[in-house]
Amino acid sequence: MPAYLDYAATAPLRAAARQAWLAHAGAPANPASVHGAGRRASEALEQARDRIAELAGASAGEVMFTSGGTESDVIALRGLARRGRRVLVGATEHKAVLDTVKALPDVEVCVLRVEPDGRLHLPDLEANLGPDVAFAAVMAANNETGAVNDLDAIRRLCADAGVAWHCDAVQWPATRGEPIGADTAAYSAHKVGGPVGVGALVIRRGIELPVYSHGGGQEAGIRSGTVDVAGAAAFAAAWDEASRQRDAETARVGELRDRLQAGILAAVPDAVVNGQPHRLVSHLNVTLPGCAADSLLMLLDRAGVEVSAGSACSAGIPQPSHVLVAMGADAQRARQSLRFSLGWATTAADVGAALSAVIDAVVLLRGARTPAGAR
Ligand code: PLP
């Protein structure tokens, strides 16, 4: 079995999610149907909505099911864009946010700086807020580095300025429990151990979004289309399990991440950890000078260790990570960085395998031996 350390790209399905999915998949399940099967589907869907609302710190009426994080971002951003002529977006946002914002017609886009640690530069947000701003899009935690933004400050600044805050919270529920409190927040099932292709958009009461897709009028008329009941139930089950096991899981995952980080730094003393100190416990983004990330990825994959360079979505595109560049890295350093992301099923053996493979790869790529005793 390979050592899978790419939870930020997608997490393995949790047993509870699989069970919930199987309980509903295959049954005729159109929650809009009035017969018994339809009513059972509707009941299951509303139970999933209730639980997700509770976990997100929202009410059921504020939760809309979607096909994933990307669609949740797009529905929110396109909808909120009508509120003003300028939009603010953090420089390290996921492409689902950045590229959606850049494609919006008739708005002026202001890209907000981040600090060297990857957190939003709050004075830049404050200076750019104003009555002509439609929204500020600032994520909860970064998918490449795990850097966690100061959510309280962002909420306060946006609220004081009367500007809607959209938060991409896709990386949040796997290891964090605090409600976001944004005007709109995007979630994705597969990052927390649910199935791919299901997500949620939390829309705070009082925020009006226009119709995104016309049709049967599902999901408050904003997103028409038959909702994936099995997917929604599995999403709720996955998030529920993550939440109930949070304390134990985060302690265990954090300890494994720290062990991996310490091992890499001991063996490769010039390695640089990106995105500290305010980070999710699950993420380790590290620059290994002199080692191209695509070569590292290939060598690690050959050794049975699955990680990524930058975000999985931009892997394969020969460009330096926009996240690391925004944090001040030069293009070369940004091309020499790997992301390890751990989660609910990561074991000490996975971390041991990753550490050995990284050290071997660095030795090979540098064409020199690491100091004796490094392993
Ligand atoms: N936003 C962030 C921060 C992500 O990490 C991802 C997934 O890579 C997405 C959005 C997109 O989510 P999905 O794959 O569910 O569309």
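**Starting from asparagine 285**

Let's begin in strand 10, where asparagine 285 is found. Keep in mind that this is a predicted model. Is asparagine 285 buried or exposed? Its relative accessible area is 1%, and since the cut-off for buried is under 20%, asparagine 285 counts as buried.

What does the side chain of asparagine 285 have for polar company? One of its polar atoms lies 3.0 Å from the backbone oxygen of glutamate 144. Glu144 also turns up among the contacts of asparagine 285, once neighbours within four places in sequence are set aside. Thr145, Val272, Val273, Asn274, Leu324, Ser337, Leu338 and Arg339 are on that list as well.

Now zoom out to the strand itself. Strand 10 covers residues 283-287, and five of its five residues are buried. Which way do the side chains go? His283, Asn285 and Thr287 point one way, while Leu284 and Val286 point the other way. That fits the usual pattern, in which side chains in a regular strand alternate between the two faces of the sheet. Here both sets are buried.

Next, the sheet around it. Strand 10 sits in the middle of an open three-stranded sheet with the order 9-10-12 and antiparallel pairing. The edges are strand 9 (272-274) and strand 12 (337-341), each of which pairs on one side only. From one strand to the next, the twist averages 30°. As a general matter, strands of a sheet pair through backbone hydrogen bonds, either parallel or antiparallel.

How many bridges hold each pair here? Strand 9 and strand 10 pair over three bridges, whereas five bridges join strand 10 to strand 12. On the strand 9 side, asparagine 274 has asparagine 285 as its bridge partner, and valine 273 has valine 286. On the other side, valine 286 stands opposite leucine 338 in strand 12. So valine 286 takes part on both sides, given its partner valine 273 and its place opposite leucine 338.

A helix goes with this sheet too. Helix 8 (residues 246-267) lies across strand 9, strand 10 and strand 12, and it runs at about 10° to strand 10.

Strand 12 also leads to another buried polar residue. Aspartate 6 is in the loop between strand 1 (3-4) and helix 1 (15-24). With 10% relative accessibility, aspartate 6 counts as buried. Apart from residues up to four places away in sequence, aspartate 6 touches Glu306, Val307, Ser308, Arg339 and Ser341. Arg339 is a name we have met already, as a contact of asparagine 285.

On either side of aspartate 6 in sequence there is a tyrosine. Tyrosine 4 and tyrosine 7 form a tilted aromatic pair, with 5.6 Å centre to centre and 55° between the planes. The two are not equally covered: tyrosine 4 is partly exposed at 23% relative accessibility, but tyrosine 7 is buried at 7%.

Another tilted aromatic pair is made by tyrosine 187 and tryptophan 239, at 4.9 Å centre to centre and 40° between the planes. Why does this pair matter for the layout? Tyrosine 187 lies in strand 7 (residues 184-188) and tryptophan 239 in helix 7 (residues 229-244), so the pair ties together parts that are 52 residues apart in sequence. Tyrosine 187 is buried at 2% relative accessible area, and tryptophan 239 is buried at 3%. Together with Phe235 they form one aromatic cluster.That cluster brings us to the nonpolar interior. Nonpolar side chains tend to be buried together in soluble globular proteins. In this model, the largest nonpolar core has 52 residues. Which residues have the most contacts inside it? They are Leu125, Trp165, Trp172, Ile180, Tyr187 and Phe235. Take isoleucine 180 as an example: leaving out residues up to four places away in sequence, isoleucine 180 touches Ala140, Leu151, Arg155, Trp165, Cys167, Ala169, Trp172 and Tyr187. There is also a second, separate core of 32 residues, including Ile264, Ala293, Leu299 and Val305.

Last stop: helix 4 (residues 95-102). Its buried residues include Ala96, Val97, Leu98, Thr100 and Val101. What do the buried residues of helix 4 pack against? The helices are helix 3 (69-80) and helix 10 (322-326). The strands are strand 3 (86-90), strand 4 (108-112), strand 5 (133-137) and strand 6 (164-168).

Terms used: Residues numbered from 1 in each chain as written. Predicted model: local features only at pLDDT ≥ 70, side-chain atom pairs only at ≥ 80, totals over all residues. Heavy atoms only, no water. Pairing = 2+ DSSP bridges. Helix = DSSP H or I, 4+ residues; strand = E, 2+ residues; numbered from the N terminus. Axes fitted to C-alpha atoms, helices over the stretch in contact; angles between N-to-C directions. Contact = heavy atoms within 4.5 Å. Phe/Tyr/Trp six-rings, centres within 6.5 Å; stacked < 30°, edge-to-face > 60°. Buried < 20%, exposed > 50% of the residue type's maximum accessible area, 1.4 Å probe, protein only. Core = buried A, V, L, I, M, F, W, Y, C linked by side-chain atoms within 4.5 Å. Polar contact = N/O pair within 3.5 Å; in protein donor to acceptor, adjacent residues only side chain to side chain.
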